[in-house]
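Biologist: Could you take me through one part of this model up close? I'd like to hear about the aromatic rings and the sheets around them.

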Amino acid sequence: MIKLVAIDLDGTLLTDAKTISDANKKILAEAKARGVKIVICTGRPLIAIKDYLSELNLLDADDYSITFNGGLIQTNTGEILGKTAMKLSEVKHIYQLLKKLDLPMDVLSDALCFQFETSEKHPSIYPTLNKALTYVPKTVETLKEDTLYNKVVSAVDAEYLDQQIALISPEEYEHFEIFKTRPNLLEFMPRGVTKAFGLSVLGEHLGIEAHEMMALGDEANDLSMITYAGMGVAMENATEGVKSAANFVTRTNQADGVAHAIQKFVFDELN
C-alpha cells in the first residue's frame, strides 16, 4: 500500500504554464483525505512554493515538503526536520569552476539569492525562472563562513548550457551532486544530498518505508527518488534516463499524468 506520494513540480505536477490542473488538484485532495501523505519534492525553497501548497491545501502542521533537492526536509509550516548546506569552501570552488566555464552563478540562501559575475557574455536567467526570491549582487570576497548556502545554480540558454556541461571533469561529480533540473538550469548540491536522501529522512520521521512510497518526476534531479521509492513513476515528458529507471511511465504533465498514476497505484490499491 502506498502511504506517501512524492511529487516534483516543474514538468511533473505543474503544466507548462506553471499551473496545477483541476484533475490533479482533485485527486491530491482525495489522497490526502484518505490519509496518504502528499509531499512536494523540489529544488525550490519553501517560500517559492507556498502558493502551490496553499492551492493544494497542504499547509497543515503535519504536511511536509522536501526543498532544495533534499537539502531541507521540513513541515509546510516551516519546522525543519533535517538540513544540509554547502560549505563556503565549496561555494568558492564552484565559483572558480563556473568562471572557467563562462557560466553564470547564483547561490541560494533561504529566500535570498546571491548573484555573481562569473560570465559577462552569458548573464543569469534565474530571476525569470524563480520570481519569489530576493536577488542580491555579491562578490566572492564578501562571502562569510557562517552564511547559509543551500545550493548553487547556473541558469542560461539550454543549448549553451549543455555545451559547457560537457566540459565539467568527472572529478567534480565525485565532490558534488550535479544535475539539470530544467533544460536551462544546472544545480550543484553537497555530495549525497538528493531527493532520495530527503525521502529517507522524512520516511524515518513518519515511520514510512521506501516500499510504501511513490515518487513522480521528469528530470535528472528526480532520478534518485524514483529509484528509491517502491513505485517510481516517470512522466511521459521525462528524460530518457528517468523513464528507463522508472517502474511506470505515466501521461505527460500536460495530460494529468500525476492524477493518472495516483488513480492507478494508490486508489486502486486502497480499493
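Modeller: Sure, and keep in mind that this is a predicted model. Let's start with a pair of rings: Tyr 95 is buried, and Phe 116 is buried too. Their ring centres are 6.0 Å apart and the planes meet at 70°; planes over 60 degrees apart count as edge-to-face, so that's what this pair is. The two residues come from distant parts of the chain, 21 residues apart: Tyr 95 belongs to helix H4 (residues 88-101), and Phe 116 to strand E7 (residues 112-116). The structure holds four aromatic pairs, and this is one of them.

Now look at where E7 sits. It belongs to an open sheet of six strands, ordered E8-E7-E6-E9-E11-E10, with mixed pairing. At the edges you'll find strand E8 (134-137) and strand E10 (176-182); each has a single partner strand, so one side of each has no neighbour in the sheet. On average, neighbouring strands here are turned by 25° against each other, direction ignored. H4, the helix that carries Tyr 95, packs on this sheet and touches strand E6 (105-109), E7, E9, E10 and E11. The direction of H4 makes about 160° with that of E6. Further along the sheet, strand E9 (residues 151-155) and strand E11 (residues 185-190) run antiparallel and are joined by four bridges. There, Ala 155 stands opposite Leu 185 in E11.

There's a charge to point out as well: the charged end of Lys 138 sits over the ring of Phe 114, 4.9 Å from the ring centre.

For another aromatic pair, go to Phe 248 and Phe 265, both buried. Here the centres are 5.0 Å apart and the planes are at 75°, so this pair is edge-to-face. Phe 248 lies in strand E14 (residues 248-249) and Phe 265 in helix H11 (residues 257-270), so the contact ties together parts 17 residues apart in sequence. Elsewhere, the charged end of Arg 34 sits over the ring of Phe 267, 4.1 Å from its centre.

E14 takes us to another open sheet, this one with eight strands in the order E5-E4-E3-E2-E1-E12-E13-E14 and again mixed pairing. E14 is an edge strand, as is strand E5 (80-83), and each pairs on one side only. Within that sheet, strand E2 (residues 37-41) and strand E3 (residues 64-67) pair in the parallel sense over two bridges, with Cys 41 having Ile 66 in E3 as its bridge partner.

How values were computed:
Residues are numbered from 1 along each chain as its sequence is written. This is a predicted model: local features need pLDDT of at least 70, side-chain atom pairs count only at pLDDT 80 or more; totals for chains, interfaces and linings use all residues. Side-chain values use heavy atoms; hydrogens and water are left out. Rings of Phe, Tyr and Trp (its six-membered ring) pair if their centres lie within 6.5 Å; planes under 30 degrees apart count as stacked, over 60 as edge-to-face and the rest as tilted. Buried means under 20% relative accessible area, exposed over 50%, partly exposed in between (1.4 Å probe, protein chains only). A charge sits over a ring if NZ of Lys or CZ of Arg is within 6 Å of the ring centre and within 35 degrees of the ring normal. Two strands pair if DSSP finds at least two bridges between them. Axes are lines fitted to C-alpha atoms, for helices over the stretch in contact, and angles run from 0 to 180 degrees between N-to-C directions. Contact means heavy atoms within 4.5 Å.
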